[in-house]
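Here are some notes to help you find your way around this one. Have the picture open while you read.

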Amino acid sequence: MEARKITIDPITRLEGHGKIDIFLNNEGDVDRAYLQIPELRGFEVFSIGRPAEEMPQITSRICGVCPTAHHMAAVKALDDLYKVEPTTTGKMIRELVYNTFMMEDHALHVYILGGPDFIVGPDAPKEERNVLGVIQKVGIDVGKTVISMRRKLRELIAYFGGKVIHPVLGLPGGVSKGLDFSDLQRFRELAKENLDFALFTLKVFKDIVLANEGYVKMITSDAYTHKTYYMGMVDENNKVNFYDGKLRVVYPDGKEYAKFHTNQYLDYVAEHTEPWSYVKFCYLKPIGWKGFTEGNDSGVYCVAPLARLNASDGMATEKAQSAYEEFYNTLGGKPVHHTLANHWARVIEMIQAAERMVELLNDDRITSKDIRNIPTAIPTVGMGAVEAPRGTLFHHYETDERGIITKANLIVATQNNSARIAMGIDKSAKNLISKGIVNDGILNKIEMAFRAYDPCHGCATHSLPGKMPLTVKIFSPNGEVVETFKR
């Protein structure tokens, strides 16, 4: 058998664009597989020269799926830039909106992006592995509930932010709009309904995924297992927190490696580039870049739901903690290294987000009119971080004395995960392809190695290796390539 190349282009059910090139040797086994990201956004460059207070609106344009994450990280960076502490109610409203966003974004992935691989099946025909196939499997009523719940959650975000996709909520020192007491009860009812939905989602996951022996075997298989470091945000009790806290990193065996404030991130996070992708590959700076390898001697680490659970000592709310304990009891204890376990971890985080919404809306301070402290300091440097649905997100701005951006550095979740994702594509391809035997189901299972991270490559592309390559293909009416031009 001659050596050949298999290309999956485009890859599907993710935010952004990409392709996978799989190179086979003469025996038909995989020599190497690459995930290539060919897009470039360039937000770090064209933010230079803009007033810093515009950054929460500018950076929310990076991605239409996770604008709230960029908006909130930017606002927290402005707090730090102007050395102003938000009011208690301002923080509470931010956290309420952020947990609402985490809930609805996770629901999007569970039911629409990642869910079809389990609900419909990884080997199902590709035309069925989508939201319509999911609704067909779980029933129209469940489908209506998913759509309705996400709509209601997005309405809460729009109530405070004016709109969902590009919110205008956050200001240095607080928020632009408070919660009117007359609207409190309907949001409390929504939060309770939302918690019921999160618990229902856990039941769906147990009934469809965990009850399927084949799925459990696939989740725990070597094809999707990597022993790396893990990073996540934790509160003062080392419990998972999406909005605020310190960053905690644990070794592959689960012991604490480091715990640091956001403004120390450059001491721990560095970026490596490869010529075949516009995504930079993050690694732990004190350890150094050792290539796409695992273990204590490798600087590769992971963020996202599984990493947050691994890096914490538990969840911050009661029902989520119960689900967390079941997760580790079922999968053999901490830490869990199975990439596909991200899906289960994501459902557990949905429960915490829902419970936290209930807590915040039942705190009388949420309707206080004291929603902002006005900044007075001269700006210099500001850094902010949140846990985006896809993992830890850093925003770092430097300005002149007028607050005009002179430098912007964004390290997004998918960059933090990019090395492990690349390793996952390569390892799954090597485990699943043998003797040149390839079918659509196998190729989809290779895509599942990146899909578990819910990557956003629109956010993550910051590297420009040399020049912008361009390929133009001209197709005939019957689909054959007539001519190809390359730059």
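The points below go through a few strands, the nonpolar cores and two helices.

1. First, a reminder: this is a predicted model. Please read everything below with that in mind.

2. Start with strand E7, which covers residues 246-250. Is E7 mostly covered or not? Mostly covered: 4 of its 5 residues are buried.

3. E7 has a partner in strand E6 (residues 229-234), and the two pair in the antiparallel sense over 5 bridges. If you want one pair to look for, try Tyr230, whose bridge partner in E7 is Val250.

4. E7 also pairs with strand E8 (residues 256-260); these two run antiparallel and are joined by 4 bridges. Here you can pick out Leu247, which has Phe260 in E8 as its bridge partner. E7 and E8 make a hairpin, with 5 residues between them. Have a look at Gly254 in that turn: its phi is positive, about 95°.

5. Now the nonpolar cores. The largest one has 121 residues. Among the residues with the most contacts inside it are Ile20, Tyr98, Phe160, Phe327 and Ile446. There is also a second, separate core of 20 residues, including Met231, Met233, Val303 and Ala413.

6. Phe327 takes us to helix H11, as it is one of the buried residues there. The others are Ala320, Gln321, Ala323, Tyr324, Tyr328 and Leu331. Why do they sit on the same side of H11? Because they cover an arc of only 165° around the axis. The general rule behind this kind of pattern is that an α-helix has 3.6 residues a turn, so residues three or four places apart point the same way. On the other side of H11, Glu318, Asn329 and Thr330 are exposed.

7. What do the buried residues of H11 pack against? Three helices: H8 (181-210), H10 (305-311) and H12 (342-361).

8. The length of H11 checks out too. H11 runs over residues 318-331, and at 1.5 Å a residue its 14 residues should span 20 Å, which agrees with the 20 Å between its end C-alpha atoms. Just after H11 comes Gly332, with a positive phi of about 95°.

9. Last, H12. From its first C-alpha to its last, H12 reaches 28 Å, close to the 28 Å expected for its 20 residues at 1.5 Å a residue. Of those 20 residues, 17 are buried, so H12 is largely enclosed by the rest of the structure.

Conventions. Residues numbered from 1 in each chain as written. Predicted model: local features only at pLDDT ≥ 70, side-chain atom pairs only at ≥ 80, totals over all residues. Heavy atoms only, no water. Buried < 20%, exposed > 50% of the residue type's maximum accessible area, 1.4 Å probe, protein only. Pairing = 2+ DSSP bridges. Core = buried A, V, L, I, M, F, W, Y, C linked by side-chain atoms within 4.5 Å. Expected span 1.5 Å × (residues − 1). Arc of directions from axis to C-beta. Contact = heavy atoms within 4.5 Å.
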